[in-house]
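Biologist: Could you walk me through this structure while I have it open? I would like to start with how the helices are arranged.

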Amino acid sequence: GRPVVVIPVAVHVVWNSEAQNISDAQIRSQIDVLNADFRATNPDRAGVPPVWADRVGDARVEFILASRDPAGRPTSGVTRTHTTTRAFGSDDAMKLARRGGTDAWPSDRYLNIWVCQLSGGLLGYAQFPGGPPETDGVVLLHTATGTLGTASAPFDLGRTATHEVGHWLNLRHIWGDDGEGCSGTDFVADTPNQGGPNLGKPTFPQLSCGNAPDGDMFMNYMDYTDDAAMVCYTKGQVERMDACLEGARSSFIH
Ligand code: ARG
Ligand code: ZN
Ligand code: CA
């Protein structure tokens, strides 16, 4: 395949209570998970049912905390901002200094990850390619970030970021975002047609939409299962991420 693409990451911790000001170690644990999952070196990929083992894809994308800030000065790649906002919603306020958050670093050169308290059970959300640069990136609930510190089961294996960065690279939910219907699509050829999202830790097989005998690929990062149950991208999803990196996000390819 093509050379590995290395994505510089800026993590913006926007905290109200001290607990929300997560440690550098927790942030590093998140970067480690992204690197394992996007290179398919995560040991739990062994849990992919044998019928699909040859569909597992290595996205050949790696992540590194930025070593230079937008002005070219040395940086840890982490910004820390105190906010008076107790919990954010999905309206992007954490991404704007004038709304109690932290402004994005230039989104053609950095993957911006905001880490904060979120309301309403939201684990995170992402902006698809092609949107406004000032809100581009992904948002993570601090308790769904990385594998230590405030990370809380069942979302304590860093998979919220894996899922959200999938969206950032133009992946859709595996069930096609049509409720429980069978007519939605994720525009990926090697993921089975699937009704609605799977939750928790399903057992193989989970059938829907006439997809017997193997059923839903619920162990895919783009389903809605617990962190421990999602373990792979497919080669077809990698093709879609590649197309994004050659198109809307080509500024990351040097
Ligand atoms: N956007 C999804 C949500 O907030 C993220 C789901 C991530 N799933 C996970 N197992 N970490 O519900
Ligand atoms: Zn999603
Ligand atoms: Ca569907």
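Modeller: A word on terms before the helices: angles under 35 degrees count as roughly parallel, over 145 as roughly antiparallel, 65 to 115 as roughly perpendicular, and the rest as oblique. Please also keep in mind that this is a predicted model.

Biologist: Fine, so at what angle do α1 and α2 pack?

Modeller: Helix α1, which covers residues 24–38, packs with α2 at an angle of about 60°, and their axes are 9 Å apart. The two helices are therefore oblique to each other, and α1 passes α2 in a right-handed crossing.

Biologist: Which residues in α1 and α2 meet there?

Modeller: From α1 the residues are Q30, V33, L34 and D37, and they meet A161, T162 and V165 in α2. By type, the residues of this contact divide into four nonpolar, two polar and one charged.

Biologist: Switching to the ligand, how many residues surround ligand 1, and which are the closest?

Modeller: Ligand 1 is surrounded by 14 residues, of which L123, F155, R159, T160 and H163 are the closest. The elements that contribute two or more residues to this shell are β5, residues 124–126, and α2, residues 159–168.

Biologist: Which element gives the most to that shell?

Modeller: That is α2, which gives three residues to the shell around ligand 1. In terms of residue type, the shell divides into seven nonpolar, four polar and three charged residues.

Biologist: Where does UniProt put the domain, and how much helix and strand is in the span?

Modeller: An unreviewed UniProt entry lists residues 103–246 for "domain: Peptidase M43 pregnancy-associated plasma-A". In the model, that span is 15% helix and 9% strand, and its end C-alpha atoms lie 26 Å apart.

Biologist: What about backbone oddities, which peptide bonds are cis?

Modeller: The bond from A153 to P154 is cis, with omega near 5°, and P154 lies in the loop between β6, residues 138–141, and α2. A cis peptide bond also joins A212 and P213, where omega is about 5°, and P213 is found in the loop between α2 and α3, residues 235–246.

Biologist: And what is the phi of R60?

Modeller: R60 has a positive phi of about 55° although it is not a glycine, and it is found in the loop between α1 and β2, residues 61–65. For context, most residues other than glycine have a negative phi, and most peptide bonds are trans.

Definitions and conventions. Residues numbered from 1 in each chain as written. Chains lettered and ligands numbered in written order. Predicted model: local features only at pLDDT ≥ 70, side-chain atom pairs only at ≥ 80, totals over all residues. Near = placed C-beta within 6 Å. Helix = DSSP H or I, 4+ residues; strand = E, 2+ residues; numbered from the N terminus. Nonpolar A, V, L, I, M, F, W, Y, C, P; charged D, E, K, R; others polar. Axes fitted to C-alpha atoms, helices over the stretch in contact; angles between N-to-C directions. Left-handed = near helix turned anticlockwise from the far one by under 90°. Contact = placed C-beta atoms within 7 Å. UniProt positions renumbered as here; feature names shortened; annotations may be inferred.
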